[in-house]
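Thanks for asking me to look this one over. My notes are below, as numbered points you can check against the coordinates at your own pace.

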Amino acid sequence: MDFRKARGREIALLGHVSKRGDVWLVLSQTRAGVRYKVTIDDDKQTCGCADFKANGKPCKHIHGAIYTVEFPASNLIDPVPTAVERTKQTYSQDWRNYNLAQTEEKPLLMRLLSGFCQSIEDDEPKGRGRPGIPTRDMAFAICYKVYEGVSTRRFIPDLRLAHRSGFISCAPHFNSIIGAMKDVEMTQVLLDLVDQTSVPLRDFERTFAADSSGFGNSRFDRWIDIKDPTKRQKQHTWTKVHLMCGVSTHIVTAVVIKDKDASDPPQLPSLVKMTAKNFQISEVYADKAYGSINNYQVIAEHGAVPYIDFKSNHTGKGRSRSGTMSRGTELWQRMFHMFQMHADEFYAHYHQRSNVESVFSMIKAKTGDVVRSKSEAAMLNEVLCKIVCHNICVLIMAMFERGLDLDELLVPKVRRPTLRVYEGGLSQSPVA
């Protein structure tokens, strides 16, 4: 069944076809209150819609009238399937490796975080004076502090322990950590860490999901109540995060943080392009808010297939802003046809989008759903630290469950323990 026949069947099923004399009146699906005149003869069929005038072929309105003539309304309705008893699908958990990953997470996180931070380079010091704290140490400190989830002052004993273990070259003062969290230049450092921590899983991911979520904070936005303009109330503000993650491992591959009211659809092209730098993309999943020709165009350019839910007012035409036929437009039409004709297959792919919800749940459960910082730069950096810690925790799980060897990716530049996974747990031996 082609597209026009399917839409004609839908029109007939909805009862949008009536007869007046020898002419059938078919209600338009896109123009409210408009009815097209359709005539059906043995040798000729006509309709007043633009589709028929342009192509001269039977349109959906003609097919709707034909279905109404040939089939009673009761036959248009698919029979109700008999109830089938279904057992709930369950997924087994590899408890041995899961328990090992959880119990050994903290020392492994310090080891891996320190290793990834070694790639951070500082600018050459200018002039004389006391040398500053290395940026790699500050990046380690703020990420580890967010992972611990305590105040900066209470975090200092843990930082000193990390220093004695050789993970950092010095233990910064708590004021230095607060200053680093507010540093706008630290944002790019943390974005690079998100990128680096996702690369080891490039061979395990081909499908990705995108969405956004907010992290609350202690700041308030004031707004005027509509009913009583003289009464001022307060409303919590938040930090909105747009990210793309791998469906199989839940690794975060790209992050965009805009203002709290930023729209979702314009962020998808950036997420796809950043992910494509390190990963081969075969499928992209997103909810109906991301459905636009521009997003389809970007996904098509990277050779991927978008499974994005369609809104009720979407049609299969899909025109770009310029009105020309592009790869994105063709992809839109093809996916809309699949959405209409093979809904079960479409939604079997689309529902993998729920994995991005799992990622946000994992991040908020481990490091909290709020940020402690108050300035804009500090809030942004704190959220990025949460994502860096999440990625490292995902890598730790991959070490146990997938046998991933990450030690060869980390070049030891400072004295710190080498961690080896064995059947009973971890062994530690200091190396130079």
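The points below go from the whole chain to two helices, then to salt bridges and a few loop positions.

1. **The chain overall.** Please keep in mind that this is a predicted model. The chain holds 16 helices and eleven strands. Of its 432 residues, 45% count as buried. Among contacts with a separation of 6 or more, 63% are between residues 24 or more positions apart. The exposed area is about 23,900 Å², and carbon and sulfur atoms supply 49% of that area.

2. **Helix α6.** This helix covers residues 105-117, 13 residues in total. From first C-alpha to last it reaches 18 Å, close to the 18 Å expected at 1.5 Å a residue. Twelve of the 13 residues are buried, so α6 is largely enclosed by the rest of the structure. The buried set takes in Leu 108, Leu 109, Leu 112, Leu 113 and Phe 116, and it also includes Glu 105 and Arg 111. If you are colouring by burial, Pro 107, Met 110, Ser 114, Gly 115 and Cys 117 belong to the buried set as well.

3. **Glu 105 and its partner.** Which residue forms a salt bridge with Glu 105? The partner is Lys 366, and the closest N and O atoms are 3.2 Å apart. This pair links distant parts of the chain, with Glu 105 in helix α6 and Lys 366 in helix α15 (residues 354-367), 261 residues apart. The two ends sit in different burial classes: Glu 105 is buried at a relative accessible area of 8%, while Lys 366 is partly exposed at 33% relative accessibility. As background, side chains of opposite charge can pair when their charged atoms come close.

4. **A salt-bridge network.** The salt-bridge count comes to six. Asp 211, Arg 353 and Glu 357 are linked in a network of such bridges. Arg 353 pairs with Asp 211, the closest N and O atoms being 3.2 Å apart. That pair also joins distant parts of the chain: Arg 353 is in the loop between α14 (343-350) and α15, Asp 211 is in strand β5 (residues 207-224), and 142 residues separate them. Glu 357 forms a salt bridge with Arg 353, again with closest N and O atoms 3.2 Å apart.

5. **Burial across that network.** Are the members of the network buried or partly exposed? Asp 211 is buried at 6% relative accessibility, and Arg 353 is buried too, with a relative accessible area of 14%. Glu 357, at 37% relative accessibility, counts as partly exposed.

6. **Helix α7.** The 14 residues of α7 should span 20 Å at 1.5 Å a residue, and the end C-alpha atoms are 20 Å apart, which agrees. This helix is mostly covered, with eleven of its 14 residues buried. Among the buried residues are Met 138, Phe 140, Ile 142, Tyr 144, Val 146 and Tyr 147, along with the charged-type names Asp 137 and Lys 145. The cover over them includes α6, α8 (152-164), α9 (174-182), α10 (185-198), α15 and α16 (376-401). Just after α7, Gly 149 takes a positive phi of about 75°.

7. **Ile 120, between the two helices.** Ile 120 is in the loop between α6 and α7 (135-148). At 8% relative accessibility, Ile 120 counts as buried. Which residues does Ile 120 touch, not counting those up to four places away in sequence? They are Thr 135, Arg 136, Ala 139, Val 189 and Leu 193. Ile 120 and Asp 137 are 17 residues apart in sequence and 9.3 Å apart in space, C-alpha to C-alpha.

8. **A backbone angle to look at.** Most residues other than glycine have a negative phi. His 250 has a phi near 70°, a positive value in a residue other than glycine. His 250 lies in the loop between β6 (232-246) and β7 (252-258). With a relative accessible area of 17%, His 250 is buried.

Key: Residues are numbered from 1 along each chain as its sequence is written. This is a predicted model: local features need pLDDT of at least 70, side-chain atom pairs count only at pLDDT 80 or more; totals for chains, interfaces and linings use all residues. Side-chain values use heavy atoms; hydrogens and water are left out. Helices (H or I, at least four residues) and strands (E, at least two) are DSSP runs, numbered from the N terminus. The expected span of a helix is 1.5 Å times one less than its number of residues. Buried means under 20% relative accessible area, exposed over 50%, partly exposed in between (1.4 Å probe, protein chains only). A salt bridge is a side-chain nitrogen of Lys or Arg within 4 Å of a carboxyl oxygen of Asp or Glu. Contact means heavy atoms within 4.5 Å. Accessible areas come from the Shrake-Rupley method with a 1.4 Å probe; for residues, only the protein chains shown count as cover.
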